[in-house]
Amino acid sequence: MEKRSLISITDLTKEEIVRIAELAADFERNPYQPLLEGRVIASLFFEPSTRTRLSFESAINRLGARVIGFSDTANTSVSKGETFHDTIQVISNYCDMIVMRHSLEGAPRYASEISKVPVVNAGDGANQHPSQTLLDIYSIKKTQGTLDGINIMMVGDLKYGRTVHSLLQALSHFNTKFTFVAPPELEMPEEYKLFLREKGLPYEEKREIDSSIREADIVYMTRVQKERFTDPMEYERMKNIYVLKNSMLEGTKENMRILHPLPRVGEIATDVDANPKAYYFNQTENGVYTRMAIISYLLGVKK
Amino acid sequence: MGQDKIMEVRAIENGTVIDHIPSDALFKIIRIMGLDRDNECRMTFGMNLESKRMGTKAIIKINDRYCRPEEINRIALVAPEAIVNTIRDYQVIEKRSVTVPERIEGFVRCINPKCITNNEPVETAFDVIRGEKGIALRCRYCEKITFGEQMELK
C-alpha cells in the first residue's frame with residue numbers, strides 16, 4: 001500500500017480536492033463498498049471529540065476495515081509519560097493507517113514523519129482539520145453544482161477559526177469571491193488576506209451581516225467564543241451582532257445554503273433550522289462520505 | 001572603512017572574520033555558531049565598534065577555522081548584511097556575503113506555545129518565507145509564522 005498522509009489542506013492539489021469531492025459523491029450513491037476488508041485503522045484521539053471520531057469510525061466501518069484506538073488518553077501509555085514519538089512508532093506497527101486528533105499543533109505532521117503508515121489529521125489544536133475542509137468543499141459542490149466562482153460570506157470568529165482558514169486556502173483554487181463579517185478583535189488575519197491579494201482574489205470586510213448576504217451562494221457561520229474576549233461586556237455586545245435569524249434570509253438567493261462546522265451555540269437562531277436554506281445538519285452526513293473518500297484515496301484503493 | 005578600524009580587534013593569521021554584524025546580534029551569532037560551547041576554538045570579538053554604514057557594529061574573529069556556507073548562512077537570519085572574510089597568512093583571500101537559506105533546522109524556537117516542538121523533544125524545522133515585512137519562518141509542524149523580530153534561539 002502507498003504511504004500518503006493528509007495533514008494540511010495545502011498538501012492537496014486542486015485536482016485532488018476535486019477528485020475527493022467526486023469520490024465522496026460516489027460513496028454517497030453507493031455507501032456499501034467494502035474496499036478495505038481485513039485492514040485495521042487506528043483512531044487515536046489524544047484529545048476527545050465525539051463528532052469527528054464517530055464520523056471517521058463510521059467511514060472506516062463502512063469501508064469494511066476494523067478500528068482500534070482510544071477516545072481519550074486516560075487509560076493509555078501516554079498517561080504513564082511515554083513520549084509521543086514512541087506511542088506513534090509502536091502503534092504504526094499495528095495498523096494500516098492512523099487517524100489522529102491532538103491538542104498540540106503540528107503533532108500529526110510529526111507523527112507522519114515517524115509512522116510507517118499514512119496519517120490523517122483529524123484536527124490539531126487551532127491549526128488544521130483537513131477532513132472538515134473537504135466535507136465543506138463537498139457540501140458546496142453538492143449544493144451549488146460547481147466549485148467555480150462561488151460567492152461566500154464567512155461570519156463570526158475569523159481570527160482563530162481554523163475551519164475558515166483552511167476553507168479559504170482550499171477555495172482559493174476556484175475563483176471564489178469572499179466576504180468576511182467579523183468584529184475587529186476577530187477579523188481575518190493579515191496573512192490570509194495577503195494570500196488572497198497575491199492570488200488576485202477579491203474580498204470585502206464587513207462588521208455586520210448586511211444586505212450583501214443577498215449576493216451570497218454560501219453563508220459560512222462560525223461560533224464566537226467567549227474565551228476570545230478580555231472584556232465580558234464586549235462579548236455580550238458582540239455575540240448578538242453575529243446571530244443569523246430567519247428574518248435575515250429574506251431576499252437571499254434561491255441556491256444559497258448556510259453551513260456551520262458545528263457545534264453551534266447561539267449564532268444560528270433555531271428558527272432558521274426549518275428553512276430549506278439551512279444545510280448544517282446535512283453537512284454532517286456528507287462528512288462520512290468525504291472521510292470514506294479520503295481514506296480510500298490515501299490508501300490507493302480509489303484513484 | 002579604513003584598515004585601522006578593523007585593527008581595533010587584533011588581526012588573525014588564519015581563520016574567519018565575520019564583519020558588519022549589528023551589535024545586538026553578536027551574542028545570538030555566537031550561539032547560533034555554537035562558539036559558546038566550543039572549548040578549543042580561539043575567538044575574539046568586538047562590539048559597539050564605529051561603523052560608517054551601520055552606526056555601530058560588531059565583529060567576530062575565529063582563529064584557525066573556516067566556515068562552510070551552510071554553517072555561515074544560518075547567521076543571515078539575525079545579521080543579513082554580515083560579511084564573511086576568509087583569512088590566510090594575514091590576508092583576506094575571500095569575501096562573502098551571507099544568504100538566508102530556504103530551510104532552517106534547529107536552533108530557532110517556534111513562537112507558538114502550543115506547537116509540538118515546544119512540548120515534546122522534537123527539533124524545530126522552518127521554511128523561510130520572504131514577506132512584505134522581511135524574513136519570516138513558517139513552522140513545518142504547526143504552520144505558524146515567526147516574524148524576524150520575534151525570533152528566539154533555543
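Colleague: How many residues does the contact between chain A and chain B take from each chain?

Modeller: In this predicted model, chain B contributes 16 residues to the contact and chain A contributes 14. On the side of chain B that touches chain A, eight residues are nonpolar, three are polar and five are charged. As a general point, the size of an interface is often given as the accessible area lost when the parts come together. The description here rests instead on residues in contact.

Colleague: Which scores does the predictor give the complex?

Modeller: The complex receives an ipTM of 0.88 and a pTM of 0.87. For chain B, one may then turn to the confidence by residue: the average pLDDT is 87, and 93% of the residues score at least 70.

Colleague: Which elements of chain B have the lowest and the highest mean pLDDT?

Modeller: The lowest mean, 51, belongs to helix 1 of chain B, residues 3-6. The highest, 94, belongs to strand 1 of chain B, residues 15-21.

Colleague: How should the secondary structure of chain B be read along the sequence?

Modeller: One begins with the inventory, which for chain B is three helices and eleven strands. Their order is then α-β-α-β-β-α-β-β-β-β-β-β-β-β. The contacts add a further view: of those in chain B with a separation of 6 or more, 61% join residues 24 or more positions apart.

Colleague: Why is the radius of gyration of chain B said to agree with that of a compact globule?

Modeller: The idea is to compare the chain with a globule of equal length. A compact globule of 154 residues would have a radius of gyration near 15 Å, and chain B has 17 Å, so the two agree. Along the principal axes, the C-alpha atoms of chain B fill a box of roughly 50 × 35 × 25 Å. Buried residues account for 28% of the 154 residues in this chain.

Colleague: Into which domains is chain B divided?

Modeller: Domain 1 of chain B covers 3-97 and domain 2 covers 103-153. Their C-alpha centres are 25 Å apart. Five residues from domain 1 of chain B and five from domain 2 of chain B form the contact. The side belonging to domain 1 of chain B has two nonpolar, no polar and three charged residues.

Colleague: Where do the domain bounds of chain A fall?

Modeller: In chain A, domain 1 is made of two segments, 9-130 + 287-298, and domain 2 spans 132-284. The C-alpha centres of these domains of chain A lie 26 Å apart. Each of the two domains of chain A gives 16 residues to their contact. On the side of domain 1 of chain A, helix 1 (14-29) and helix 9 are the elements that give two or more residues. Helix 1 of chain A supplies the largest share, five residues. By class, this side of domain 1 of chain A has eight nonpolar, six polar and two charged residues.

Colleague: Which residues have the most contacts inside the largest nonpolar core?

Modeller: That core has 119 residues, and those with the most contacts inside it are A:I98, A:V99, A:M154, A:V219, A:Y220, B:I29 and B:I75. Helix 9 of chain A, residues 280-298, gives the most to this core, with eight residues. A:V99 may serve as an example of a residue's surroundings. Leaving aside residues up to four places away in sequence, A:V99 touches A:I41, A:A42, A:S43, A:L44, A:F56, A:V120 and A:A122.

Notes. Residues are numbered from 1 along each chain as its sequence is written. Chains are lettered from A and ligands numbered from 1 in the order in which they are written. This is a predicted model: local features need pLDDT of at least 70, side-chain atom pairs count only at pLDDT 80 or more; totals for chains, interfaces and linings use all residues. A nonpolar core is a set of buried Ala, Val, Leu, Ile, Met, Phe, Trp, Tyr and Cys residues joined through C-beta atoms within 7 Å. A residue is buried if 20 or more other C-beta atoms lie within 10 Å of its own, exposed if 12 or fewer, and partly exposed in between; C-beta atoms are placed from the backbone. Helices (H or I, at least four residues) and strands (E, at least two) are DSSP runs, numbered from the N terminus. Two residues are in contact if their C-beta atoms, placed from the backbone, lie within 7 Å. Domain bounds come from an automatic or database domain assignment. Ala, Val, Leu, Ile, Met, Phe, Trp, Tyr, Cys and Pro count as nonpolar, Asp, Glu, Lys and Arg as charged, and the others, Gly among them, as polar. pLDDT is the predictor's confidence in each residue, from 0 to 100. The radius of gyration is taken over C-alpha atoms; the globule rule is 2.2 Å times the number of residues to the power 0.38.
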